[in-house]
Amino acid sequence: MLAGGFYYLPVYQAFLWIFLGTFLKVFLQIRQVMKQIAFITGASSGIGLALAQELAANGYELALAARRQEQLSLLVSDVERAGIRALALPCDVTDPVQVKHAVTSAKDHFGRIDLAILSAGISEATSATQFIASRFERLLRTNLLGVAYCLEELLPLMQQQGGGTIAAISSLAGDRGIPGSAGYCATKAGLSTLFDGLRGELRQQGIRLVTIEPGYVRTPMTESFGNMPFAMSAEDSARLILERLVAGDRVIRFPLMPSLVMKLMRIMPVSLFDLITAKRRPVRLKAEES
Ligand SMILES: NC(=O)c1ccc[n+]([C@@H]2O[C@H](COP(=O)([O-])OP(=O)(O)OC[C@H]3O[C@@H](n4cnc5c(N)ncnc54)[C@H](OP(=O)(O)O)[C@@H]3O)[C@@H](O)[C@H]2O)c1
């Protein structure tokens with residue numbers, strides 16, 4: 001009896017191993033099928049880069065867009081070393097043809113886009129006394145039209161696949177025109193109001209629009225800014241953004257104190273706002289900027 005039981009043990013073990021192997025294979029296949037795909041513009045630097053790293057750490061596969069191919073390739077190698085699929089998509093968001101190509105390539109490669117993060121953006125000073133329309137045009141083309149071109153490609157794709165999330169990085173600076181940054185503020189105000197106006201209708205189609213409005217974040221964009229109250233690191237910002245995206249927030253504003261101050265500025269009477277802002281030193285453009 002004992003001898004017979006001993007004889008059957010290897011057979012049981014073989015079945016056990018086959019069962020475990022099949023279970024593991026099916027589990028890995030399901031995980032692969034369920035992998036979420038994120039498309040990120042501005043992925044070569046700052047908040048976009050930190051979000052790409054945070055999403056990869058959470059198992060997302062990544063389509064990474066920006067103009068600098070080298071930076072994107074480095075990021076792709078990093079992410080792939082951790083076993084996550086990633087694709088570099090060199091793309092200038094001010095060119096609708098390049099945006100179309102990037103979104104189509106992402107769709108062809110991964111089959112779908114579950115989450116799009118539109119982080120590509122630039123910041124430039126605006127001088128009131130030396131106002132130059134072409135400087136404002138540059139801001140508008142990147143920060144606002146760049147998002148519009150992405151929406152034009154992403155919305156039909158998400159409608160076709162039955163849903164998705166599009167999150168754009170606006171700014172607390174969109175709450176009110178800050179002297180010296182009027183052009184930048186105008187683009188971010190435009191972006192936030194654009195998303196406000198589109199959100200309700202798209203929600204009925206299963207597409208979630210999210211407006212992200214950060215205060216100061218330490219990135220290459222803000223390297224020369226000097227004093228930045230309540231500034232956060234790009235990594236902390238990315239973690240917070242992802243947490244709030246998962247929680248289902250539609251407008252993500254942070255940090256709390258600057259967010260409250262900017263809300264107050266927004267409802268402040270013009271007379272008081274003008275009184276405060278008149279005290280600011282006017283922006284003078286350098287010779288090469290004008
Ligand atoms: N840092 C802050 O304090 C702060 C606060 C509020 C909001 N934001 C917003 O957050 C977003 C990211 O800013 P950041 O601080 O991370 O700045 P950043 O480090 O300078 O990154 C900007 C990103 O945008 C990309 N980009 C710029 N122009 C582009 C174009 N024409 N086509 C494609 N990609 C373009 C850049 O990549 P390439 O140069 O490789 O193209 C880069 O990856 C921006 O929209 C910014 O306005 C920043």
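This is a short tour of a predicted model, with suggestions for what to select at each stop.

**The sheet**

Begin by selecting the strands, where you will find seven of them forming an open sheet in the order β3-β2-β1-β4-β5-β6-β9, with parallel pairing. At the edges stand β3 (86-90) and β9 (251-254), and each has a single partner strand, so one side of each is left without a neighbour in the sheet. If you look from strand to strand, neighbours in this sheet are turned by 15° against each other on average, with direction ignored. It helps to remember that strands of a sheet pair through backbone hydrogen bonds, either parallel or antiparallel.

**From β1 to β5**

Next, select strand β1 (residues 37-41) together with strand β4 (residues 115-118), which pair in the parallel sense over four bridges. To see one of the matched positions, pick Phe 39 and then its bridge partner in β4, which is Ala 116. Now add β5, which pairs with β4, again in the parallel sense and over four bridges; here Ile 117 has Ala 167 in β5 as its bridge partner. Strand β5 (residues 164-169) is mostly covered, since five of its six residues are buried.

**The nonpolar cores**

Which residues touch the most other members of the largest nonpolar core? Among its 66 residues, they are Ile 40, Ala 52, Leu 62, Ala 63 and Leu 64. Select Ala 63 and look around it: leaving aside residues up to four places away in sequence, Ala 63 touches Ile 37, Phe 39, Leu 87, Leu 89, Ala 106, His 109, Phe 110 and Ile 113. Apart from this core lies another, of five residues, including Leu 139, Leu 172, Ala 173 and Cys 185.

**A loop residue**

Move on to Ala 125, in the loop between β4 and α5 (133-161). Is Ala 125 buried or partly exposed? Ala 125 is partly exposed, because 15 other C-beta atoms lie within 10 Å, whereas a buried residue would need 20 or more. Beyond residues up to four places away in sequence, Ala 125 touches Gly 180, Ser 181, Val 283 and Leu 285. You can also draw a line from Ala 125 to Arg 135, which is 10 residues away in sequence and 8.6 Å away in space, C-alpha to C-alpha.

**Around the ligand**

Finally, select the ligand and the 30 residues around it, of which Gly 42, Gly 46, Arg 67, Gly 121 and Met 221 come nearest. Helix α2 (residues 46-57) gives the largest share of this shell, with three residues. Coloured by class, the shell has 12 nonpolar, 15 polar and three charged residues.

Key: Residues are numbered from 1 along each chain as its sequence is written. This is a predicted model: local features need pLDDT of at least 70, side-chain atom pairs count only at pLDDT 80 or more; totals for chains, interfaces and linings use all residues. A residue is near a molecule or strand if its C-beta atom, placed from the backbone, lies within 6 Å of it. Helices (H or I, at least four residues) and strands (E, at least two) are DSSP runs, numbered from the N terminus. Ala, Val, Leu, Ile, Met, Phe, Trp, Tyr, Cys and Pro count as nonpolar, Asp, Glu, Lys and Arg as charged, and the others, Gly among them, as polar. Two strands pair if DSSP finds at least two bridges between them. Axes are lines fitted to C-alpha atoms, for helices over the stretch in contact, and angles run from 0 to 180 degrees between N-to-C directions. A nonpolar core is a set of buried Ala, Val, Leu, Ile, Met, Phe, Trp, Tyr and Cys residues joined through C-beta atoms within 7 Å. A residue is buried if 20 or more other C-beta atoms lie within 10 Å of its own, exposed if 12 or fewer, and partly exposed in between; C-beta atoms are placed from the backbone. Two residues are in contact if their C-beta atoms, placed from the backbone, lie within 7 Å.
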